[in-house]
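Let's take a look around this protein, starting with its pockets and then moving on to its aromatic rings. Keep the 3D view open as you read.

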Amino acid sequence: MTAPGRALSVEVCTDERAFAGLAGEWDRLHRACPSATPFQSHAWLHSWWLSYGRPGRLRLVLVRRSGELVAAAPLMRAHRPLPALVPIGGAITDFCDVLVDGTAAIQGAWALADALADMARSALVDFGEVRPGGAMERVFLCWRGPRHRLRDSVCLELPAVPVDELVGRLSSRHAQRVRNKVKRFVRLGVQWRVVHHDETEAAIRRLLELHRLQWQGRPMTPEHARPRFLEHLVRSVVPMARSGQAAVTEFLLDGAVVAVNLNLLSGQMAGTYLYGFHPRLRERGVDVAAMLLHASTEHATSDDGPRVLSLLRGAEPYKYRWHPETVTNQRFLLARRRTLPLLALAAGEAAARRRAKKVLRGDPGPAGHR
């Protein structure tokens, strides 16, 4: 179809082979979208689909201007718990979003909103884990029907500054403790290097081996041990490393690789996605979190200016020692009149979860709240 008055053509792609063929123009759009994160790259999304996608459920909304791709919404059809259109990426993706070329921001957002409205006649559009400032915010504002905005996962972010400046943000006592920890792993002879993209696959395999070793005897995220996760990381991170969208860092002690860290990169952010380390590092008194952060700050600046150093989703206590900023992802629910009951059900379920979490934390809420 054609977006009226905007000279934009819109199509919905359901062909997996066509998705694979979009790599070049998708990457151009990714570079042209100011809010894009590494999780919107073609390498990440297409690889995720190959590992986790279901046949017949792919729904890619593609908006073109004179043949050039200027907006895209990577979606799939879900049937449980409610019939919905949800973003590609699933639980292993920290940020979801649409892509809109900065030169077509308003037109592209309207075109996506209108296309999604056509698709939402029998399903809710449930678009979660959108980082504040994401392109999906504009689509939400363009939506003509019932809509609702919810809070989603908590993320923690640090400024894009050298590690010495991060330490300077701490109290004098805490700062000295961190400096002592840095001196310790330097004194032990721990060194690190970003592997060449030709070595990325082997490094990713080592990362997951060390990750399993790190969690040995304790409950680990089950997905991290599954072959499809390894296949996804290798398939996506190798081309991302080649294009500068990923950096895999190996840490060496006494000539052996004792830790591997994966950072995902875009013009706006550097995100510490996953790491693995050998338990003997802790046995020798190495503060692994401090070591990883020290190396990750080297990715916090780019040719386009400073990046935010994101610790991604999760409010683990060790992250708070650095005084990060708390940033909350957003979840957008979009419906038509006939699918309004689905929106009400999804919003009600989210509210019930929030109340349950407050009860588990022992927070009764305001007096008289039910």
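## The largest pocket

A total of 34 residues line the largest pocket, and Asp126, Glu129, Asp152, Arg331 and Arg353 are the ones nearest its centre. Keep in mind that you're looking at a predicted model. The volume of this pocket comes out at about 1400 Å³.

So who builds the wall? Helix α12 gives the largest share of the lining, with nine residues. At least two residues each come from α3 (42-52), β4 (68-78), β5 (84-87), β7 (124-130), β8 (147-158) and α12 (340-361). Sort the lining by class and you get 16 nonpolar, three polar and 15 charged residues.

## The second largest pocket

Next up is a pocket with a volume of about 1100 Å³, the second largest. Its lining has 35 residues, and Tyr273, Tyr275, Glu316, Tyr318 and Lys319 lie nearest the centre.

Here, α8 (200-214), β12 (269-277), α11 (288-296) and β15 (308-313) each supply at least two lining residues. The lining of this second largest pocket splits into 18 nonpolar, eight polar and nine charged residues.

## Rings that pair up

How many aromatic pairs does the structure hold? There are 11 aromatic pairs. Take Phe39 and Tyr273: their ring centres are 5.9 Å apart and their planes sit at 55°, so this pair is tilted. Phe39 is in the loop between α2 (23-32) and α3, while Tyr273 belongs to strand β12, so the pair ties together parts 234 residues apart in sequence. Are these two buried or exposed? Both Phe39 and Tyr273 are buried.

Another tilted pair is Trp192 with Phe251, at 5.7 Å centre to centre and 50° between the planes. Trp192 lies in strand β9 (residues 191-194) and Phe251 in strand β10 (residues 246-253), so this pair links parts that are 59 residues apart in sequence. Trp192 counts as partly exposed because its relative accessibility is 23%. Phe251, with a relative accessible area of 0%, is buried.

## A cluster and two charges

Back to Phe39 and Tyr273 for a moment: together with Trp44 and Phe95, they form one aromatic cluster. Phe95 also has a charged neighbour, since Arg131 lies over the face of its ring, 5.7 Å from the ring centre.

You can spot a similar arrangement at Trp215, where the charged end of Arg218 sits over the ring, 4.3 Å from its centre.

How values were computed
Residues are numbered from 1 along each chain as its sequence is written. This is a predicted model: local features need pLDDT of at least 70, side-chain atom pairs count only at pLDDT 80 or more; totals for chains, interfaces and linings use all residues. Side-chain values use heavy atoms; hydrogens and water are left out. On a 1 Å grid over the protein atoms alone, a cavity is a set of points where a 1.4 Å probe fits but cannot get out, and a pocket is an open set with protein on both sides within 12 Å along at least five of seven lines; lining residues have an atom within 4 Å of a point. Grid points are joined across faces, edges and corners, and a volume is the space filled by probe spheres set on the points. Helices (H or I, at least four residues) and strands (E, at least two) are DSSP runs, numbered from the N terminus. Ala, Val, Leu, Ile, Met, Phe, Trp, Tyr, Cys and Pro count as nonpolar, Asp, Glu, Lys and Arg as charged, and the others, Gly among them, as polar. Rings of Phe, Tyr and Trp (its six-membered ring) pair if their centres lie within 6.5 Å; planes under 30 degrees apart count as stacked, over 60 as edge-to-face and the rest as tilted. Buried means under 20% relative accessible area, exposed over 50%, partly exposed in between (1.4 Å probe, protein chains only). A charge sits over a ring if NZ of Lys or CZ of Arg is within 6 Å of the ring centre and within 35 degrees of the ring normal.
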